[in-house]
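Colleague: Got a minute to walk me through this one? I'd like to talk about the ligand and then the helices.

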Amino acid sequence: MPDYDVIVVGGGISGLMSALTLGRHGKKVLVLEKDDFLGGNCNSYNVNGFQVDTGPHAITHMREGPLRRLMDEYFTYVPFFVDYGHYYIRTEKGLTKIPSNIKEFVTFDALPRKDRILLSQSLTKALTLMTFGMVDAKQSVYDFMPKGLSRDSYDFVNAIAYFLSGKSMKETSVNRVLYGSSFVRDSVSEDIFEEPQPANQSYASLITERLSKYQFAGHLSTLSRLATNKVSYAQAYPRGGLKSFLNSVLYSMPETVNIRTGSVVEDILYENENITGVATKSDLFTAGTVVYTGFLKDLPSLVPLPSDYENDLARIDQTLSLTIWLGLSEKMEDFNYTGSEVWFRGGAYWAMPISNYDPCIAPTGKQLVGFTFVIRDKNNIETEKKKALDLIHRAVPDIGSRIEMTHFQVTIPEKAAVTINGYIAGVRSPIPGLYLAGTDTDNRSMGITRAGYSVLELLKAMKEDKKL
Ligand SMILES: Cc1cc2nc3c(=O)[nH]c(=O)nc-3n(C[C@H](O)[C@H](O)[C@H](O)COP(=O)(O)OP(=O)(O)OC[C@H]3O[C@@H](n4cnc5c(N)ncnc54)[C@H](O)[C@@H]3O)c2cc1C
């Protein structure tokens, strides 16, 4: 008799949501986390009285996406979510809202008028082709860009590509930008996970049928959305900081889930092609099912895999990011907004004044702002920090005298960047009984929302395999 029904490797948000949902399905679950704390990249901690998150976070597709589905069906506690706000770019004149539909784009005077007309035409063309299913997943944003635009316009589009995929517009597919920018919606349709399953129809074919109906309806409305889209569509920030989301998962955890921190899984064990458990340096735990939520790039060091699959995993593309948190001695008019800014002439970044969502995040009267940059030169982090700080000081010249706390984070935001040639694995591994979850197993949306999609896919796969 195995010790557990399921062992989950990794106590980040994917692993914890997997454990929570499997526990609610009656499974006896063990979570093994290598660090001494839970949450991985979904966390908050204190630096000199300011509560920083592990990078600025917008939680997306909250109204009817995967997290909404998971919270409604499995959580017993949910955080209070504050409406996210808007996306801006900064110029010497101040902030301008990023357009989310063609009408707004026409009056977006941060770019030259001629460029706006050309870009609107390209966007309309891309959406029209997408509506007829004619956009190839390998077509890059760059392929769709009109020629002869100003440098600022190219830089702006590049900034959006970096923001949505972590990579340049040459490596980012046009599909990604259309979906990620909310011009097209990627939510979970209400009926996808509903029971009961009709007789003589597999769960997989049922899902496929329902998805295709949904896609069809989605495509019909795609073009009309050009006129009506709202970019802040159902995005939010959890009051109390990112750790409030982590805590809601932990508070909702059923008693059948056991969690151990400080436990590095070194081997995933199997015999006669059946999963038998995992080993840490000092312990061996048995289970018929293992869900791995660490970096898939590391999986070959834990378990022998077919060489084709190992080659695929080696193609996973990743981005390294630098976040600079600045604790300000007083609130600045420049940061009098909720949402984020993603560009200043000459550089892409993502900034979020997170204490505007909840004043408790900063000491009374003070403000906390996070700026994230893509690291281009991984061998010269100190130079990257300097370049990033220079850009912040250029964008907000008065900030220097207000900074009383500076904190750097160097992180991989997602275990797989969604690029044209990058690999996304899916939740099944070549070994029966070994499942995968996390941001390198699904390409929809971003970060925590993508983790949510992966957990729903995991449940679906286990159900198909009669493990649930
Ligand atoms: C700067 C930045 C900005 C971001 N912005 C957003 C945003 O706006 N919106 C959004 O939704 N998301 C955002 N994210 C991404 C989001 O935080 C992550 O995608 C999400 O937290 C990943 O969760 P995960 O569980 O898949 O992976 P991880 O957090 O990496 O968790 C994996 C866990 O597995 C553990 N582990 C690995 N190997 C082993 C092993 N062998 N044994 C035991 N334990 C192991 C690790 O220690 C880790 O705790 C951002 C991230 C960063 C860094």
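Modeller: A term to start with: a polar contact is a pair of N or O atoms within 3.5 Å. Also, keep in mind that this is a predicted model.

Colleague: OK. How far is the side chain of Glu 33 from an oxygen atom of the ligand?

Modeller: An N or O atom in the Glu 33 side chain sits 2.6 Å from a ligand oxygen. With the cut-off at 3.5 Å, that pair is a polar contact.

Colleague: And which distance do you get for the backbone of Ile 13?

Modeller: 3.1 Å, from a backbone N or O atom of Ile 13 to an oxygen atom of the ligand. Val 265 also uses a backbone N or O atom, but its partner is a nitrogen atom of the ligand, 3.0 Å away.

Colleague: How much of the ligand's accessible area does the protein cover?

Modeller: 93% of it. On its own, the ligand has 1000 Å² of accessible area.

Colleague: How many residues surround the ligand, and which are the closest?

Modeller: There are 36 around it. The closest are Ser 14, Glu 33, Asn 41, His 57 and Ile 448.

Colleague: What is the split into nonpolar, polar and charged in that shell?

Modeller: Nineteen are polar, 12 are nonpolar and five are charged.

Colleague: Which helices and strands supply at least two residues of the shell?

Modeller: Two helices and a strand do: H1 (13–24), H12 (447–464) and strand E13 (321–328). H12 gives the largest share, three residues.

Colleague: Switching to packing. At what angle do H1 and H12 cross?

Modeller: Roughly 40 degrees, and their axes come within 9 Å. That makes H1 oblique to H12. The crossing is right-handed.

Colleague: Where does H2 come in, and how does it pack with H12?

Modeller: H2 covers residues 66–74. Its axis is 8 Å from that of H12, and the two pack at about 60 degrees. So H2 is oblique to H12.

Colleague: Is the crossing of H2 and H12 left-handed or right-handed?

Modeller: Left-handed.

Colleague: Last pair. What are the angle and axis distance for H1 and H2?

Modeller: About 40 degrees, with the axes 11 Å apart. H1 and H2 are therefore oblique to each other. H1 passes H2 in a left-handed crossing.

Methods: Residues numbered from 1 in each chain as written. Predicted model: local features only at pLDDT ≥ 70, side-chain atom pairs only at ≥ 80, totals over all residues. Heavy atoms only, no water. Near = heavy atom within 4 Å. Polar contact = N/O pair within 3.5 Å; in protein donor to acceptor, adjacent residues only side chain to side chain. Areas by Shrake-Rupley, 256 points an atom, 1.4 Å probe, with all protein chains shown as cover. Helix = DSSP H or I, 4+ residues; strand = E, 2+ residues; numbered from the N terminus. Nonpolar A, V, L, I, M, F, W, Y, C, P; charged D, E, K, R; others polar. Axes fitted to C-alpha atoms, helices over the stretch in contact; angles between N-to-C directions. Parallel < 35°, antiparallel > 145°, perpendicular 65-115°, else oblique. Left-handed = near helix turned anticlockwise from the far one by under 90°.
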